[in-house]
Amino acid sequence: MTRDEFGERRRGGGEARCDAKPVQRQRSVEFQDSIGKELRNLYDDVVAQPVPDRFLKLLNQLETNVLSSSATLGAPGKSE
């Protein structure tokens with residue numbers, strides 16, 4: 001018996017053909033690298049874009065509400 005690339009036993013004689021696997025793996029690695037580069041480029045483009053004014057206004061309102069509610073919760077004589 002011989003073992004395949006995953007260490008599993010298999011029947012058959014002679015040498016296992018492994019000429020197609022390395023080429024396929026190389027292509028897979030190259031494909032993954034190209035996807036990674038494209039994703040990094042896309043991320044960099046998104047990060048470089050300015051934050052819309054409306055979104056900044058909403059964030060400021062949220063921050064104001066959180067600060068005022070935490071001040072109210074910390075006031076003496078108030079309980080939930």
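This is a short dialogue about reading a predicted model.

Reader: Before I start, how far does the confidence score go here, and what is the average pLDDT of the chain?

Author: Keep one habit in mind: where pLDDT is low, the predicted coordinates should not be read in detail. In this predicted model, the chain averages a pLDDT of 79, and 65% of the residues score at least 70.

Reader: Which element has the lowest mean pLDDT, and which the highest?

Author: Strand 1, residues 2–3, sits at the bottom with a mean of 63, while helix 2 tops the elements at 90.

Reader: And what pattern do the elements follow along the sequence?

Author: Going along the sequence you get β-β-α-α, that is, two strands and two helices.

Reader: How much of the chain is buried?

Author: Buried residues account for 1% of the 80 in the chain. The chain exposes about 7,900 Å², with 55% of that coming from carbon and sulfur atoms.

Reader: Which residues form the nonpolar patch on the surface?

Author: Val51, Phe55, Leu56, Leu59, Leu62 and Val66 do, and together they have about 520 Å² of accessible area. Val51 is in the loop between helix 1 (20–48) and helix 2 (53–73).

Reader: Why does Val51 count as partly exposed?

Author: The label covers values between the buried cut-off, under 20% relative accessible area, and the exposed one, over 50%. Val51 counts as partly exposed because its relative accessibility is 44%.

Conventions:
Residues are numbered from 1 along each chain as its sequence is written. This is a predicted model: local features need pLDDT of at least 70, side-chain atom pairs count only at pLDDT 80 or more; totals for chains, interfaces and linings use all residues. Side-chain values use heavy atoms; hydrogens and water are left out. Helices (H or I, at least four residues) and strands (E, at least two) are DSSP runs, numbered from the N terminus. Buried means under 20% relative accessible area, exposed over 50%, partly exposed in between (1.4 Å probe, protein chains only). Accessible areas come from the Shrake-Rupley method with a 1.4 Å probe; for residues, only the protein chains shown count as cover. Patches are made of residues with over 30% relative accessible area and no salt bridge: like charges are joined within 9 Å, nonpolar side chains (Val, Leu, Ile, Met, Phe, Trp, Tyr) within 5 Å. A salt bridge is a side-chain nitrogen of Lys or Arg within 4 Å of a carboxyl oxygen of Asp or Glu. pLDDT is the predictor's confidence in each residue, from 0 to 100.
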